[in-house]
Every structure is written in C-alpha cells, then in structure tokens.
2 protein chains.
Amino acid sequence: MNDVAAAAGVALKTVSRVVNNEPGVNPATAERVQAAIDRLGYRRNDSARTLRRGRTASIGLVIEDVADPFYSGLSRAVEDVALRNDHFVFTGSSGEDPARERDLVLAFCARQVDGLIIVPAGTDHGYLAPEFDAGLKAVFADRPPGAGCRADTVLSDNAGGSRTGVAHLIAHGHRRIGFLADSPAIFTAVERLRGYREALAAAGLPYDESLVAMGPPDQERVRAVVERLLALPDPPTALFTGNGRTTVATLRVLDAISARCSAYHCSACRCSNDRCSNDHGSVRHGAERHGGTGRHGQGRLAGLALVGFDDFELADLLGITIVAQDPSRLGLTAAEMLFRRLSGHAGPGLRLELPTRLIERGSGETVP
Amino acid sequence: MNDVAAAAGVALKTVSRVVNNEPGVNPATAERVQAAIDRLGYRRNDSARTLRRGRTASIGLVIEDVADPFYSGLSRAVEDVALRNDHFVFTGSSGEDPARERDLVLAFCARQVDGLIIVPAGTDHGYLAPEFDAGLKAVFADRPPGAGCRADTVLSDNAGGSRTGVAHLIAHGHRRIGFLADSPAIFTAVERLRGYREALAAAGLPYDESLVAMGPPDQERVRAVVERLLALPDPPTALFTGNGRTTVATLRVLDAISARCSAYHCSACRCSNDRCSNDHGSVRHGAERHGGTGRHGQGRLAGLALVGFDDFELADLLGITIVAQDPSRLGLTAAEMLFRRLSGHAGPGLRLELPTRLIERGSGETVP
DNA sequence: GACGATGGTGACAACGTTGTCAAGCACTCG
DNA sequence: CGAGTGCTTGACAACGTTGTCACCATCGTC
C-alpha cells in the first residue's frame with residue numbers, strides 16, 4: 001500500500017480509502033490510485049486489516065467428517081450463507097474425538113474467527129467460557145452443547161423422527177424390530193433410541209434389549225450385529241437403522257445374506273425353489289416379485305422390512321423407506337442464527353428443532 | 001498479552017517467549033507466566049502473529065462443490081495433510097463458475113494464505129501472476145491450470161481410465177456404446193471423451209457423434225439424453241457414463257424405464273411374459289435372473305450394459321462396474337506437493353497423473 | 001581481580017492496515 | 001472581505017505480535 005501511495009503520489013490513507021470504496025475521494029485521484037494499484041498488482045493484506053478492525057470476516061465450522069455426505073451437505077449450506085455475508089469458512093473435522101474438537105475450536109479462536117458453528121464430539125464445553133467472555137459467538141448444530149453452555153442450538157427432531165419410523169413399521173404389523181444406531185456417546189443416537197422406545201411403548205410392545213445394538217457404523221461391526229439379531233430364537237422381522245452410514249452398512253449385510261441364499265418362497269407368484277444352501281436359521285425368505293414393479297432393495301433384504309434414519313443417495317432407487325432430516329437446512333439455519341448474533345442480536349440462547357419427514361419407498365411397507 | 005505481562009510482572013517479550021515455547025526462559029518465570037495466562041484465559045492473537053511473521057499457517061482450497069462426494073473426499077484428505085503440517089484450511093465452492101473461482105482465490109490470497117489447492121473452473125489463470133510474483137504457492141488438482149501457468153498439477157488418468165472402461169465393454173461384444181459426460185467445458189470430460197474415441201479406434205469401430213452427449217449431470221437432462229439414445233434407429237447396447245453424478249442419474253433413468261416395462265425375456269430361466277405395456281421402441285428387455293446371484297442393478301438397466309467413471313457409494317451393492325479414481329489420493333498428493341513447495345522446494349512445475357482402476361461388478365460384463 | 005562466556009530478560013521497532021482528527025482549499029453568503 | 005461550509009487530503013497512532021539488539025547478572029577462567 002505504501003508503494004501504491006508513492007506511485008500515485010498520494011498519502012497512505014487515500015489509498016486505503018480507494019481500496020475500501022470509502023466516500024470522499026476525488027474521482028480523478030481515485031482513478032490515479034486505481035491505476036497504480038493495477039500496475040503494481042497490489043492486493044490488500046487482510047491480516048493487517050483484521051488486526052486493526054478486530055473482525056476477521058471468517059467463521060469456523062467444526063464437524064465430524066467432511067467426507068460424510070450428511071456433513072458435507074451441512075458444510076455447503078454454511079459456506080453459502082457465509083459467502084452471502086462476505087465471510088469465509090474454516091472447516092475442520094473432529095472425527096468424533098472430543099480432544100480434537102477442542103483443539104480445532106481453540107485454534108479457530110486464536111485465528112480470531114468471528115463465530116463458530118460446532119457439531120460437538122464432546123459433552124464438556126467449559127473450555128469455551130473464556131472465549132464467550134471475549135465476545136465469541138457460537139452456534140451448535142446437530143447436537144447440543146454440554147451442560148451449562150447456553151449457546152444457540154439447532155437440532156433435528158431425532159426422537160420424533162425415530163418414533164414415526166418405528167411406528168410405521170409397527171403399523172405394518174411388525175412386533176419384533178431391531179434397532180441399530182451409533183454409539184450411545186452420541187446425542188442423536190440416544191435420542192433416536194428414545195423415539196424407538198416411545199413408539200414401542202405407545203403400541204404396548206415390550207422393549208427387548210437384545211434387539212438393540214449401538215456402536216460405530218463400520219461394516220464389520222454391523223455385519224456381526226445383524227447376524228446376531230437374525231440368529232436370535234425369535235428374530236426381528238424388521239430393522240430400524242439409526243443413521244445413514246448404518247443403513248448403508250446394513251444394506252450390504254442383508255444383500256450378502258440374500259445372495260448366499262438363493263431359495264425364495266415368493267409371495268407374489270407363489271413359485272418356490274429349494275436351491276437354498278445357506279444355513280441361515282430362521283431368516284425369512286425374500287418376497288421378490290419376479291419382473292414386478294418392486295424396487296431393487298426389497299428382494300435383497302433377507303425378508304426383513306427396513307426403515308432408516310437419514311436419506312442417502314440412491315435410497316430412492318433401492319426403494320429404502322427412510323426418515324429424512326435435511327442437513328443443508330440444518331447448516332443454513334445454524335449459519336443464519338450465527339450471523340444474526342454477529343450483527344448484534346442479543347437475547348437468550350435459542351434451541352430449534354427441525355422436523356423430519358418419513359419417505360415411503362417400499363422397504364418399510366412389507367408385512368412380517 | 002499486555003495484561004498477562006503485567007499480571008506476571010514480566011515484559012511483553014517474555015510472555016511471547018513462553019507462549020511460543022522459545023528457549024531461554026527461566027522455568028520459574030515460565031511457570032509464573034503460564035499461571036497468569038491460565039488465570040486470564042489468554043489466547044494468542046494469530047492475526048497479529050500472522051502480520052508480524054508474514055505466514056498465516058493456513059491454506060485455501062477451491063473446489064467445485066463440497067457436497068459432491070468426490071470433492072468432499074478430496075477435501076478431507078487435504079484437511080488431514082494440512083493438520084499434520086499445523087495448517088488450517090479455508091474451503092470454497094466455485095460451483096463451476098470461473099468468476100467465483102477467481103473471487104475465492106483472490107479473497108484467499110488477500111487473507112494471506114500460504115498456499116492454494118485449486119480445482120479450476122475456468123481456463124485462464126493469468127490473474128494469479130501477481131500472486132505468484134508475491135510468492136504464492138499453488139497446486140492444481142483434478143484439472144490443469146490454463147495455458148501459461150506452470151504450477152504443480154495432479155490429475156487422474158482420465159483418458160486412460162475411460163479407454164479401459166470402453167475397451168472393457170467392447171471386449172464383451174458391444175459395438176454401439178453411448179457416451180454421457182459432463183460439459184465439454186470441463187477438462188476431465190474432454191479427456192474422457194478422448195479415451196472413448198481411442199478405445200473405439202483401437203477396436204476399429206466408427207465414432208458416431210449421435211451416441212455422444214455432454215452436459216451438466218442434472219437428472220432431467222440425463223433423462224432426455226438416455227431416451228434420445230434409446231430411440232435411435234440403431235440404439236446403443238451399452239453406456240459409458242463419464243462421472244459419478246451422471247452415472248447415478250443414468251441409473252435412475254434406466255430404472256424407471258425398466259419399471260415401466262414389466263416384460264422380461266429372461267435369458268437365465270427362459271421364461272417370458274408379455275405384460276409389457278410400455279411403448280419403448282427397440283429397448284432390449286432386461287436380463288434379470290430370477291432368484292439368481294446377480295446384483296441388483298443388472299435387472300434394472302433396461303437391458304443395457306453400463307460402465308461408469310468414478311466409484312460411488314452403493315455401486316458395489318448395485319453391481320455397477322466402474323472405473324475408479326481415488327479422490328482422497330488426489331487430495332493427499334496435491335496437499336503434499338503444496339507443503340513440499342511451502343517448505344522451500346524449488347524446481348519446475350510437476351504434472352502427476354494418478355492411475356485409475358477398473359472394478360468389475362456385473363453391469364459392464366453383460367453381452368449385447 | 002579482570003575478563004569473556006552464558007543465561008535470562010526487556011526496550012523498541014516493525015508488520016500493513018484503518019480510525020481519528022486536523023488541515024488545506026475553493027466556494028458561498030452576508 | 002471575513003466567516004462559514006463542504007469537499008478532499010494527509011499525519012499519526014494504534015491494533016497485538018515477534019525479531020533484533022542490548023542489557024544485566026552470574027559464573028568460570030586465566
């Protein structure tokens with residue numbers, strides 16, 4: 001900027017005015033300055049600007065994993081809102097590690113982000129107190145902050161969505177419904193379990209702990225869980241899967257089981273064959289309709305009904321009934337709440353719950 | 001920092017030394033300072049630090065869309081490498097708009113990012129020249145920079161992968177192969193078209209322009225394209241789709257066509273029925289094997305063979321043969337190249353090409 | 001006992017911007 | 001002609017760090 005000022009024969013401050021489109025500069029001078037700027041390829045140093053003004057025009061976003069479609073949808077929405085507000089976004093993935101969440105958050109604070117959107121991995125946010133005192137604004141998304149933290153929060157209606165999904169299976173005659181979800185350390189998983197229990201209770205069905213399995217959605221764990229469930233003396237006739245990754249992993253397992261067993265007592269055409277070489281205990285045979293209009297998934301679910309929490313790509317094609325939450329709406333809402341705070345809005349911390357939506361595609365509408 | 005210094009009864013500089021773990025501080029003093037830091041909840045202001053040191057310890061990442069699984073995988077890899085190198089990542093989505101790409105890049109530069117990883121939307125990167133002069137390091141990923149820009153570049157072997165995929169279809173007896181890809185403004189699409197043509201040429205097959213359709217992968221456009229192809233007097237018996245989104249959109253279209261037509265001349269069991277009420281011209285009927293071990297997709301492709309560029313979630317389950325590139329390897333490689341430059345590595349701009357891999361899953365192995 | 005080496009500490013300038021305030025100028029009005 | 005007004009411009013300090021350099025003890029050595 002110094003060089004530009006010298007080149008244009010004006011003072012530093014005048015260049016600053018031109019760069020910032022401040023009023024009160026003679027058009028002729030402005031043009032001269034602009035010419036010097038272009039000639040020298042000058043670009044404002046936003047670090048210095050930030051230091052001087054105290055605002056960085058950037059926000060931090062801490063999520064679990066950008067590579068997860070749920071969070072990448074959320075990210076995109078946050079980014080869009082931020083850009084509309086002339087802010088940039090630092091993104092960091094915590095990988096469900098509370099320590100990493102904390103490190104990321106504090107690092108973003110040291111970078112003087114104006115605000116934060118956090119999908120918390122941990123449950124203690126005491127470390128944020130000094131930051132809040134220093135004027136930091138934060139919004140929690142998808143999961144609430146730990147006790148004692150009164151920040152704005154945007155959640156999905158996890159319990160309600162889960163209740164609806166499970167009630168849907170019950171309405172189709174299912175009495176034994178397996179429940180697979182993420183680890184009980186995760187808020188959403190616990191809420192969805194609550195919804196599951198509420199739906200059972202509302203229908204007067206017992207809660208059977210042997211039908212419930214919670215843990216990380218990795219393929220091998222899910223495989224073991226599904227096989228355990230199907231080997232029960234009184235196995236489930238339907239599954240409710242508590243997040244997108246678990247649903248997908250479950251689909252793979254059920255598909256493999258279906259493929260191992262080529263015997264079908266087909267309910268549509270009444271044909272049957274006994275080429276089944278699979279020692280699969282009491283697994284019911286699939287109800288694939290030969291040449292019918294059923295969707296892909298239905299013939300490949302080892303005879304089980306399935307409803308999942310979270311929509312995912314190709315769920316439509318596979319005919320998987322799901323309870324949809326809207327990740328981009330979650331991100332959008334969180335970002336808008338944050339920018340409202342940043343523009344001076346005071347008032348107590350809000351807690352919003354976004355509705356979910358049951359989308360029927362076939363896999364949840366089969367009878368036991 | 002001033003307050004901390006006052007509270008600990010030391011000079012500013014000593015606090016600075018403690019904060020930065022610089023040697024030469026009396027342990028007792030350091031402890032006193034640390035206590036003051038903790039008591040006051042002090043956190044270093046990285047804006048000032050940046051201003052003083054000239055390095056921001058952050059990099060910028062410009063991609064097409066974080067919400068696209070391809071780019072979110074790439075992002076995650078970049079983020080991981082950055083974190084390992086104690087850097088943070090600004091991410092911005094260009095949405096294939098060259099102007100937005102430019103704005104993002106320049107905004108990141110104004111923020112003094114140490115380096116950039118760019119998936120370019122545009123083909124003119126002259127605007128970067130002053131930044132390069134000022135010492136900016138940049139790596140281009142997935143697509144090369146515009147002419148005249150000698151920056152490091154990491155690409156997938158687009159033409160080669162496409163050639164392999166198409167040759168695979170040819171090897172299975174296909175002579176009329178439709179080619180669907182992204183807009184010809186996009187480097188990868190053009191390269192993949194080149195691979196398609198090379199595979200045809202190598203097999204002595206003619207290049208028929210009416211079998212080629214390029215444009216954005218939105219569902220309605222793809223639907224129209226597929227329907228046009230199938231209505232040709234001599235329709236294709238196979239399709240090669242040039243990216244993940246196009247593949248998925250194509251699957252939806254073919255599924256809808258298959259569902260509309262419930263007539264199957266089943267090659268596996270020789271049964272046939274004529275309940276087909278669909279006016280689908282010369283569309284071949286699906287080869288679904290009733291109760292066989294085939295994968296989901298094969299019965300739902302309207303009788304067409306299909307190979308797609310890019311792997312995607314559930315492609316395994318659907319039995320879709322694809323040419324896989326590795327987005328996270330792309331991101332990892334780009335980030336490592338960038339950090340090599342940042343740590344002083346000089347030398348001419350490199351251009352790397354990562355290999356692709358054909359994964360056979362059924363949809364690409366059916367005969368015409 | 002004088003000297004240099006060593007370890008610990010602090011004063012000060014500088015990084016590149018912007019907010020504050022004041023000054024210069026041309027013009028108008030009484 | 002002088003005061004008042006509005007427009008344009010510039011000098012200067014400050015933002016919170018860190019690099020440079022200098023200072024002062026303390027210690028060991030000749």
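**Close-up views of the A–B interface and DNA strand C**

Across the interface of chain B and chain A, 18 residue pairs are in polar contact, both residues at pLDDT 80 or more; a polar contact is a pair of N or O atoms within 3.5 Å, where within protein one must be able to donate a hydrogen and the other to accept it, and residues adjacent in sequence count only if both atoms are side-chain atoms. This is a predicted model in which local features need pLDDT of at least 70 and side-chain atom pairs pLDDT 80 or more, while totals for chains, interfaces and linings use all residues. Residues are numbered from 1 along each chain as its sequence is written, chains are lettered from A in the order in which they are written, and side-chain values use heavy atoms, without hydrogens and water.

**View 1. Salt bridges between chain B and chain A.** The count is nine, a salt bridge being a side-chain nitrogen of Lys or Arg within 4 Å of a carboxyl oxygen of Asp or Glu. One of them joins Glu131(B) to Arg43(A), with N to O at 2.4 Å.

**View 2. Phosphate contacts of DNA strand C.** A side-chain N or O atom of Ser16(A) is 2.7 Å from a phosphate oxygen of the strand. For Asn26(B), a polar backbone atom lies 2.8 Å from a phosphate oxygen of DNA strand C.

**View 3. A base contact of DNA strand C.** A polar side-chain atom of Arg17(B) is 2.5 Å from a base nitrogen. Arg17(B) is also among the residues that come nearest to the strand, as are Tyr42(A), Arg52(A), Thr14(B) and Thr29(B), out of 23 around DNA strand C (a heavy atom within 4 Å).
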